[in-house]
Amino acid sequence: MTHFSSFKPKKVLFIATRQIGDVLVTTPLISKARELWPEAEFHFLGYRGKLDMLKGNPDIAEIIETSDRPRLPEYLSLFNRLFQRYDLAIVTQPSDRAYLYGLLAAFRRVGVLGGHPQGQTGMDNTDRKAERQNAWKKAICMHTVNVDYFQQHVIVEKLRLLEPFYKNPEDLFSKPISVTPPKEEALTPVIASQLQSPYVVVHPGPLTAYKRWPLSYWQTLMTWLTSQGWQVVLSASPAQQDLQLNQDILSLLDEGTRQKVINTAGQLSIPQAARLMKGALLYVGVDTSITHLAAACNTKTIALFGPTPPTNFGPWPNGFVGTAPYVLRARTQTSDYVTILQGPGECVPCRKAGCDDHPNSLSECLDLLEPSQVIAAIEQSLQ
């Protein structure tokens, strides 16, 4: 028996102060915590505008929103709201601010510790800097888990935060693990009236440019999809760059193909996107949070990966038992209903921001991932 296996908190605070995808991948942790502590009250702290993935989550009693750069009045308000109200804080992100919130909220804490972004140790000062930054976080926690961006899936990383509370920590991974999508909301009448089954959802816009797939490849793929008799639903966030990306793709399509495409860019909330996914024949998208949502909705998913290691952030196939649904490098790999495609190259995946390691860089591995590879994966997935 581990030292804390008899610990039964009454109130638990989960902290995920990052993007919507980072919030979604905490849901297996929340579900496992609920199995462990069925009577506990769970609250969740995250950034305003990034928490829609939790809408309707049956295990969360209260969502606490904060801005990513709070001013003093908001800090004071948060202090009054959080101060020692919880028996346990679960810090799912390695940032200093997340840990400070955990320190404020609870006497007992567990947390994720950061590391070298490319997984290197002893190569430069980056890992030593991370060790210095981690020292105080280890000191205030009863248990910590180191990130491993190449060999450990992010969902496994989160679940391991519960290790000290299990008599046998291996039990965490001995049963099916699933991601909980948000509760669906109805599509707008305008979009619903245009939908024709079967349809394929295509999401070309990542958060950062170095995860983009070439425009002409989307043109080829969408032309082929419509030639199969399927309607294409093009989705995107409301961000200007994503809206423009969709327009650029549409401008390349011939009129016949264009007539079979619905552009829902910027028109769907996250819960509405979940409704759209669940009705889809298939989803095709880049390395972004919406691709994780598609997999969470049990939709057949084709994910186009560049620099990101699938071993760390591949969309989790619901019901998977174990810790590693993917290998580090494979041109095509399928785990249940999720297929991940990567381009060629021994450097793949590098986990850098593209070949030039900046947000607007190109990624050669994505430029060399040709539409024929995607089409072959789709045909295999739908057999």
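**Surface patch and salt bridges**

Me: Which residues make the nonpolar surface patch of about 300 Å²?

Reply: In this predicted model, local features require pLDDT of at least 70 and side-chain atom pairs pLDDT 80 or more, while totals for chains, interfaces and linings use all residues. Residues are numbered from 1 along each chain as its sequence is written, and side-chain values use heavy atoms, without hydrogens and water. A nonpolar patch joins side chains of Val, Leu, Ile, Met, Phe, Trp or Tyr within 5 Å, each with over 30% relative accessible area and no salt bridge; areas are Shrake-Rupley values with a 1.4 Å probe and only the protein chains shown as cover. The patch of about 300 Å² is made by Leu72, Tyr75 and Leu76.

Me: What is the relative accessibility of Tyr75?

Reply: Tyr75 is found in helix H3, residues 72-82 (helices, H or I of at least four residues, and strands, E of at least two, are DSSP runs numbered from the N terminus). Tyr75 counts as partly exposed (buried is under 20%, exposed over 50%, partly exposed in between) because its relative accessibility is 32%.

Me: How many salt bridges does a search of the whole structure find?

Reply: A salt bridge requires a side-chain nitrogen of Lys or Arg within 4 Å of a carboxyl oxygen of Asp or Glu. One of those found joins the side chains of Asp59 and Arg34, at 3.2 Å from N to O. A search of the whole structure gives a total of 12.

Me: How far apart in sequence are the parts that Asp59 and Arg34 tie together?

Reply: Both Asp59 and Arg34 are buried. Asp59 lies in the loop between strands E2 (41-47) and E3 (62-66), and Arg34 in helix H2 (residues 27-36), so the parts tied together are separated by 25 residues.

Me: Which residues are joined into one network by salt bridges that share partners?

Reply: Glu184 and Arg275 form a salt bridge whose closest N and O atoms are 2.7 Å apart. Glu184 sits in the loop between helices H6 (154-159) and H7 (189-194), and Arg275 in helix H11 (residues 270-278), so this pair ties together parts 91 residues apart in sequence. Glu184 is partly exposed at 27%, as is Arg275 at 35%. The network consists of Glu184, Arg275 and Lys278.

Me: What is the relative accessible area of Lys211?

Reply: The side chain of Lys211 meets that of Asp287 in a salt bridge of 3.3 Å, N to O. Asp287 lies in the loop between strand E10 (282-286) and helix H12 (289-296), and Lys211 in the loop between strand E7 (199-203) and helix H8 (215-227), 76 residues apart. Asp287 is buried, with a relative accessible area of 4%. Lys211 is buried, with a relative accessible area of 17%.

Conventions: Patch = residues over 30% accessible without salt bridge, like charges linked within 9 Å, V, L, I, M, F, W, Y side chains within 5 Å. Buried < 20%, exposed > 50% of the residue type's maximum accessible area, 1.4 Å probe, protein only.
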